[in-house]
Amino acid sequence: LMTDGILDPVVVSSCIFLEDESLEVQAAGVVAKINSLKYCLDCLKEVVELEYPEEVASTPSSDGINLEKFEGASVITDTCNGAQASRRKFAETVGVKTHQQDC
């Protein structure tokens, strides 16, 4: 985590492996991924607190990762019925109002 006295940047990349292709599973998968990222950031913060307490302020809070940030977001899908239904289900599951657009 630390090289030459400098805290190394951490890059988060994520994939979502779905149990099936249902709308409910797709929407729940995004929510689960966001919660997982929050958990991972909390774990990283714990390690930094133990190993590099002087760098705690450099570690962002997981409170900044939340589903409410989707409020007002543009969700763009193609015009097929499945994509449109998935987009609507996601907005419904997250509980925010989004701008929905077809491409």
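What follows is a chat between a student and a tutor about the structure above.

Student: Before we dig in, what kind of model is this?

Tutor: Residues are numbered from 1 along each chain as its sequence is written, and side-chain values use heavy atoms, with hydrogens and water left out. Local features need pLDDT of at least 70, side-chain atom pairs count only at pLDDT 80 or more, and totals for chains, interfaces and linings use all residues, since this is a predicted model.

Student: OK! How many salt bridges does a search of the whole structure find?

Tutor: Here a salt bridge is a side-chain nitrogen of Lys or Arg within 4 Å of a carboxyl oxygen of Asp or Glu. With that rule, the search of the whole structure comes up with two.

Student: Which residue forms a salt bridge with Asp102?

Tutor: Start with where the partners sit: Asp102 is in strand 4 (residues 99-102) and its partner is in helix 2, so the pair ties together parts that are 15 residues apart in sequence. Helices (H or I, at least four residues) and strands (E, at least two) are DSSP runs, numbered from the N terminus. The closest N and O atoms are 2.8 Å apart, and the partner is Arg87.

Student: Is Arg87 buried or exposed?

Tutor: Buried means under 20% relative accessible area, exposed over 50%, and partly exposed in between (1.4 Å probe, protein chains only). Asp102, the other half of the bridge, has 35% and is partly exposed. Arg87 has just 8% relative accessibility, so it counts as buried.

Student: What about Glu92, which residue does its side chain meet in a salt bridge?

Tutor: Look three residues away in helix 2, which is about one helical turn. Glu92 is exposed at 56%, while its partner counts as buried at 19%. The N to O distance is 3.0 Å, and the partner is Lys89.

Student: Where does Thr93 lie, and which residues does Thr93 touch beyond four places in sequence?

Tutor: Thr93 lies in helix 2 (residues 81-94), and it is partly exposed with a relative accessible area of 37%. Its C-alpha is 11 Å from that of Gly29, although the two are 64 residues apart in sequence. Contact means heavy atoms within 4.5 Å. Leaving out residues up to four places away, Thr93 touches Ala27 and Val31.

Student: How far apart in space are Asp42 and Ser61, C-alpha to C-alpha?

Tutor: Asp42 is in helix 1, while Ser61 is in the loop between helix 1 and strand 3 (74-77). Asp42 is partly exposed at 34%, and Ser61 is partly exposed at 40%. They are 19 residues apart in sequence, and in space the distance is 7.5 Å.

Student: Which residues is Lys97 in contact with, leaving aside neighbours within four places?

Tutor: Lys97 lies in the loop between helix 2 and strand 4, and at 63% relative accessibility it counts as exposed. Ser86 is 11 residues from Lys97 in sequence and 15 Å from it in space, C-alpha to C-alpha. The contacts of Lys97 are Phe70, Glu71, Gly72 and Ala73.

Student: Last one: which residues gather in a patch of negative charge on the surface?

Tutor: Patches are made of residues with over 30% relative accessible area and no salt bridge, with like charges joined within 9 Å; Asp and Glu count as negative. One member, Glu19, is in the loop between strand 2 (6-7) and helix 1 (23-51), and it is exposed, with a relative accessible area of 76%. The patch brings together Glu19, Asp20, Glu21 and Glu24.

Methods. Patch = residues over 30% accessible without salt bridge, like charges linked within 9 Å, V, L, I, M, F, W, Y side chains within 5 Å. Areas by Shrake-Rupley, 256 points an atom, 1.4 Å probe, with all protein chains shown as cover. Charge placed at Lys NZ, Arg CZ, Asp CG, Glu CD.
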